[in-house]
Amino acid sequence: MFASPAETFFDTEIYDDDSPSRDDDNDERDMEGEAYVESCFSRQYLSRLAGTDDLASCAFLEMRADTTEDDLSGVGAALPALAQLRLSNSVLPSARSFGSTFQRLRVLWVARSGLEDLQGIASLVELKELYAAFNEVSDVSPLAELDNLQVVDLEANQVRDRDAADYLGMCPVLTTLSLEGNPVSNRMYYRRLVARAIPRLEVLDDRPVDDADRAELPPGAEDAGAMPGADYDFHGGMTADGNGNENENGDGNGNENGNGNGGGNG
């Protein structure tokens, strides 16, 4: 169940979680004589989820949690080698819920979890891949502190800040990004603006970044707002506006310039 470092996950494969529900065993336990961080997740329950009694070496865990009630820091303390955590369809309003115990976490799924605030995510110092589609995130600036981040999926969130791409451009190894379905993706010249802010980007919204995306911006493009009457096409970015005018993906005749090949699926 452990994904290779190059493997990325998009689309339905990260939303079809059939995770077991939380049980009612809320006993606090000692962990090999040391004080176990208080958590409603007992070692017995975590062992059942992980499929092993050797929690110290467990690298993958799939679960659901309500972080308004559950203390996730206890999970990180019990599984110090955890590298991949699937929490999709949980209740997780803030990334602060992770605390500082997930020191080896490299891949995190939190799709459809009511996530609003990314403050605190910098504590996940080894994080390489973040899958947080269909949430309510509006501020991406906390991601700028993650030096190892390679993949970010924020499809269908609430990102509208024109500086969002600049913050993501501070991630030195970011190569795959999805902002499809966010207000910011309705900006004129959206793909060009993002490609310029993140020069190393290879895939944007499941499509390879090509020469057209790296074309020089016309004067005033940075100040351009949303395309008038723009309709959103979840398979290829914005389509022509309601008057049939040219947009960043069109050639003036309604034809796409991009190759249309998807990217980012593992």
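**Exercise 1.** Describe the ring pair of Phe 41 and Tyr 45, starting from burial.

Solution. Phe 41 and Tyr 45 are both buried (under 20% relative accessible area, 1.4 Å probe, protein chains only). This is a predicted model: local features need pLDDT of at least 70, side-chain atom pairs count only at pLDDT 80 or more, and totals for chains, interfaces and linings use all residues. Residues are numbered from 1 along each chain as its sequence is written, and side-chain values use heavy atoms, without hydrogens and water. Next, the geometry. The ring centres of Phe 41 and Tyr 45 are 5.7 Å apart and the planes meet at 10°, so the pair is stacked. Rings of Phe, Tyr and Trp (its six-membered ring) pair if their centres lie within 6.5 Å; planes under 30 degrees apart are stacked, over 60 edge-to-face, the rest tilted.

**Exercise 2.** Characterise the pair Phe 60 and Trp 109, then extend it.

Solution. The pair is edge-to-face, with 6.3 Å between centres and 70° between planes. Phe 60 is in strand E1 and Trp 109 in strand E3 (residues 107-109), so the pair ties together parts 49 residues apart in sequence. Strands (E, at least two residues) and helices (H or I, at least four) are DSSP runs, numbered from the N terminus. Both residues are buried. Ring pairs join Phe 60, Trp 109 and Tyr 131 into a cluster. Finally, Arg 86 lies over the face of Trp 109, 4.3 Å from the ring centre (CZ of Arg or NZ of Lys within 6 Å of the centre and within 35 degrees of the ring normal).

**Exercise 3.** Decide how enclosed helix H4 is.

Solution. In H4 (residues 190-197), 6 of the 8 residues are buried, so the helix is largely enclosed by the rest of the structure. Among them are Leu 193 and Val 194.

Methods:
Buried means under 20% relative accessible area, exposed over 50%, partly exposed in between (1.4 Å probe, protein chains only).
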